[in-house]
Amino acid sequence: MRGPEPTVFVVDDDPAMRNSLCWLIESIGLPVKTAASAAEFLRSYADAPGCLVLDVRMPGMSGLELQAELAARRVCLPILVITAYAEIPLVVRAMKGGAFDFIEKPFNDQTLLDRIRKAISADAEARRIRDEQDAVKRRLAQLTARERAIMEGVVAGKSNKMIAYELALNIKTIEHHRSRLMQKMQANSLVDLIRFSVIATEPY
Amino acid sequence: MSARIRAIVRLFGMTPSHANALPEVVRRERSTEEVLHAIDEPFVGAFEHAPIGMALLAPDGRPLRVNRALCEMLGYSEAELVSGTVGGLTYPDEDAAGQARLRHLVNGEIGPYHIEKRYIARDGHVLWTLTSLSLLRDAAGAARYVIVHVQDISARKEMEKILHDREERLRVFLEQMPAVLWTTDVDLRFTSGRGRGLVELDLQPDQVVGTTVGEYLQTDDAGALPVVAHRAALRGESVSYETDVQGRAFQCHVGPFRDADGRIIGTIGLAINVTEQRQAEAARRESEARFANAFEHAPVGIAISDPDGHPLRVNRALCEMLGYSEEELRLKKAAELTHPDDRHLTTEPRRRLVAGEIARYHVEKRYLHRLGHAVWVSQNVSAVRDGSGRTLYLIAQTQDVTERRRMLEALQESEAKFRTLAETVGAAIFIFQGERLRYVNPAAEAITGQSRAALLEGGFWQIDPHFYPVADSPGIASATAARHLIRYEVRLRHRSGEFRWLDFTAGVTEFDGQPAVIGTAFDITQRKRDERALREQAHIIDQIHDAVIGTDLAGYITSWNRGAEHMFGYTVDEALGKHMWRLCREERRDILEREVMLPLRERGTHELEIELQRKSGEMFPAHLSMTLLTDDRGVPSRLIGYCVDITERNRVEEAMRQHQAQLAHVSRVSVMGQMAAGLAHELNQPLTAIVSYTRGCAHRIRSRSGRATKLREAMEEAAAQAERAADIIRSLRTMIGKGEPRRDWKDVNALVHQVLPFAEAETHLHGVAVRLELTPHLPRVQVDGIQIEQVILNLVRNAVDAMQETASERRTLIISTAKSAGDRVEVAVRDAGRGFPPEIASHIFEPFFTTKSNGLGMGLSISRSIIEAHGGNLWASANADGGTTFHFTLPAGEGKRDARP
């Protein structure tokens, strides 16, 4: 499933920086959306895939504050932090706050573009996993309570017989429910089922 | 005759003459019988007047006639006796036998006979008689009369009885007593030999009878003493002699043996074995000799005096005691010798002793020595009395007790002292005996909180169960046995409940003549506390990292803590006794003695920084703080040195100073630094933008995707950003160059002087000497004084830094001022450092160039900027003898030397 095209969001209060970055990033064919402030960005952004290029020093909401705000909104956009010179404490804070990477200006254009590409692909992978997890969770939600109990038994490696004994049910009933839940979970094999169960319980 | 012989004779109530009398009685009896025979014929006249009793009986025994003597004998009249009315005349037992015997006589069956028979007189007493009966016949031969002679023999009978008894006694005596009694005839031939003494001579009674004295003695010598004695006895003498027979001593008495008529018919002798007596005498003599010897040599003085007190005999000891000779003493009465004050002591006891009221008395008194001093004596006086109890003489035994007396006095004094001391002293004193306290002093009451009575009431260990010895109590017992002092520190619970520590010493003494233990106890509670505090302090001192050194006043080390061990490397054992200046360099010791000890004695404390030497020889800087300790009276007693190794402190201080210097340095360039930082940030933005625009263009051109208009716009944007950067730099330059610096007229020499205090911190730290070569009266310069001072300071710092590796004696920095060509004043700072290698020399004034690891490299650059801003020059030159000189010139104030602003 292909979603919308990944976009590079550039937030910088300096128009020269904003425009020049936009000009540079577009030169390799990536769509760029710019914002002059954190607030402006937050107003326009709606969970589009891509990455965020952010100057750490800005009037109003600073880059770090925006980062915190995004985390609070559970927006998982990879953030590339641009710093003027080695402001180590700021960098450390940014990285701890979940920034994808940082880059010091003046920078080499290739370095910047490489990191942007990496950030976008990381975002794509994260979105894929999140989508799958969502799908599995949706399927799991369709299971009846009994099917869910049987699934837990199967995933725990128990035989039908054992599950039947534990749940005080006929083995035939177990087999019936089992085939139903395999269908509902869209699992072709026991391996699939176990994977889904792991995905469903992973924190993401 | 000896007393013993007399005694024997007295005992038996007889004499040899008594013995002689015996045959006489027998002779008289015989004559009486003859008289009776005579009566047969001339009968009648004689009958009546016969001196003995006579009776004429009919043959049937009927009395016909009795004479007067018989009547008197029996107490009856003739008529009474002849009438035959008197019955019971004959003793009852003999009557029948007498009648029978009379019939036999009458019948002619027996002849005349006499018997001893008893009659009973009228007054009832029994009468012994010798009665003779004979028969008178008529011519026809028929029995006509019986004539009876009655003779009273009661006296004889009594005598016989007495004799018999006495002979029996004599016999028993002779047989029992250790004596021999013998008799001889005139030929000195033994006629008898009796006595138990025979046994000792191996003789049977009368065995010697028949042998002569000479034969018995086996001697022919007529001169032998016994023979002579016996012969003398035959002449009527009584002789005593002593002789030894068969090893035994006999005392012999021989006298004449006479018959009843006094004729000597032999000898009679008595020998008594006196062997034991002789032995006893010998023993007595020996004893007497011994007594005399003992008397003379007795260690006590002995005087024998008459009842009046005149000495009869005195012994040597007494003479020596009183200093007189025996003769001198004998002339003095006891009273004269006695000390006048003591004479009364003996008057009454002596009187009573002499009077027999008492057996002896004892007195202790003083005699006067011949030399005048008193001699204390102890005297026992007893009396010797005769049989009637009369006092014969007095025996006084005298002992010199002066020494004892002196000791007693000393003892009493000592006792008094002890009491006084014990009652007033602060130490508690106990005397205990067995399990009980016998004495306690007031201090003991105070220490225990118990009353004296309570203490004496309870046993020693019952004072309080908590009063226990630290060591076990058998220790006391063994020490008591060994008689040495023992010492404990014990804890006692005072009655108030608090604990008191006592220093308790016990020793053996005597109390009331019995062994006892005396204990002395000091309250050392405070001392214990002090000790604990002291131990804690000592512990703390030991834990201190720094050296704490105690010395005596002369400086010899008396204490040495662990810190000192670590600091100096000497152990305690090595350090004690050493002089503390041994911790310094030898050449410094005298100086220290002056520089430290003198002020220390004056002020009590002294602090200094000093270089000290470790055991390894290594020198190190130290901060030494000396304190003079005084004792309780304020007299100096000890020194305490507190020594801190300041190697590290110095290092840190130096580091701090350097750091401060750096900070100062940084602060001086901080304006510049901030400017540079700001410049960097400002320039970053346009530069980044330029890069982005141009790279973006390049990408598009490469991919041929950019439209020309877009590319042109981007290029113009890039150019605009470049202009923006240029604007920033321009504005910066404007900012730096903006405004004239404040300028005042200054004397460069004054500026140099103002800089020096700041520079000194650094020069001092690095051991750099500063020399000023200032030219006086220089023209003033119009300058910003602070900026010029900073330049000078900067140059001084550089110079100091440059000399870090220079030998210390060459570390000299010279600041000079001079007038220079072209109305200029020149300031030069010259160092003795390494100088600059040529390749560096051309860079030293460039900004951010530095040879120092921690420098920013702005110093010379800024300095040059400042100097050039003042219209001067700053340059460096190499010295001929090494090192570098930095010069700067400043334009002088238009020749006006004294110009005022």
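Let's start at a hairpin in chain B of this predicted model. Strand 21 and strand 22 of chain B form that hairpin, with four residues between the strands, and there Gly555(B) takes a positive phi near 100°. Three bridges hold strand 21 and strand 22 (residues 557-560) of chain B together, and the two run antiparallel. If you want a pair to click on, Gly550(B) has Ser559(B) in strand 22 of chain B as its bridge partner.

Strand 21 of chain B, residues 547-552, also pairs with strand 25 of chain B, residues 636-645. That pairing is antiparallel as well, with six bridges. One position to look at is Thr551(B), whose bridge partner in strand 25 of chain B is Leu639(B).

Now, which side chains of strand 21 of chain B are buried? The side chains alternate along the strand. Ala547(B), Ile549(B) and Thr551(B) point to one face and are buried, whereas Val548(B), Gly550(B) and Asp552(B) point to the other face and are not. So Thr551(B), the partner of Leu639(B), belongs to the buried set, while Gly550(B), the partner of Ser559(B), does not.

Zooming out on chain B for a moment: it has 29 helices and 32 strands. Of its 901 residues, 25% count as buried. Take the contacts in chain B between residues at least 6 apart in sequence, and 48% of them join residues at least 24 apart.

Over to chain A. Here we have nine helices and five strands. Reading from the N terminus, the order of elements is β-α-β-α-β-α-β-α-β-α-α-α-α-α. Chain A has 204 residues, and 28% of them count as buried. For contacts in chain A between residues at least 6 apart in sequence, 62% join residues at least 24 apart.

The five strands make an open sheet in the order 2-1-3-4-5, with parallel pairing. Which strands stand at the edges of the sheet? They are strand 2 (32-35) and strand 5 (101-104) of chain A; each has a single partner strand, so one side of each is left without a neighbour in the sheet. From one strand to the next, the twist averages 20°.

Inside that sheet, strand 3 (residues 50-55) and strand 4 (residues 79-83) of chain A run parallel and are joined by four bridges. Leu54(A) stands opposite Val81(A) in strand 4 of chain A.

Two helices to point out on the sheet. Helix 1 of chain A packs on it, touching strand 1 (7-11), strand 2 and strand 3 of chain A, and its direction makes about 175° with that of strand 2 of chain A. Helix 5 of chain A, residues 109-142, packs on the sheet too, touching strand 1, strand 3, strand 4 and strand 5 of chain A. The direction of helix 5 makes about 135° with that of strand 3 of chain A.

Helix 5 of chain A has a helix partner as well. Its axis and that of helix 9 of chain A come within 9 Å and cross at roughly 105°, and the two helices are therefore roughly perpendicular to each other. On the helix 5 side we find Glu132(A), Gln133(A), Val136(A), Lys137(A) and Leu140(A), meeting Phe196(A), Ile199(A) and Ala200(A) of helix 9 of chain A. By class, that contact has five nonpolar, one polar and two charged residues.

Helix 9 of chain A, residues 190-201, also meets helix 6 of chain A: their axes come within 10 Å and cross at roughly 105°. That makes this pair roughly perpendicular too. Met151(A), Val154(A) and Val155(A) of helix 6 contact Leu190(A), Leu193(A), Ile194(A) and Ser197(A) of helix 9 of chain A. Here the classes are six nonpolar, one polar and no charged residues.

Helix 6 (residues 145-155) of chain A then crosses helix 8 (residues 171-184) of chain A at roughly 90°, with the axes coming within 9 Å. This contact has five nonpolar, one polar and four charged residues.

Last stop, the place where the chains meet. How many residues of chain A are in contact with chain B? There are 16, facing 18 residues of chain B. The largest share of the chain A side, seven residues, comes from helix 1 (residues 15-26) of chain A, the helix that also packs on the sheet. By class, the chain A side has ten nonpolar, three polar and three charged residues.

Notes. Residues numbered from 1 in each chain as written. Chains lettered and ligands numbered in written order. Predicted model: local features only at pLDDT ≥ 70, side-chain atom pairs only at ≥ 80, totals over all residues. Contact = placed C-beta atoms within 7 Å. Nonpolar A, V, L, I, M, F, W, Y, C, P; charged D, E, K, R; others polar. Axes fitted to C-alpha atoms, helices over the stretch in contact; angles between N-to-C directions. Pairing = 2+ DSSP bridges. Buried ≥ 20, exposed ≤ 12 C-beta atoms within 10 Å, placed from the backbone. Parallel < 35°, antiparallel > 145°, perpendicular 65-115°, else oblique.
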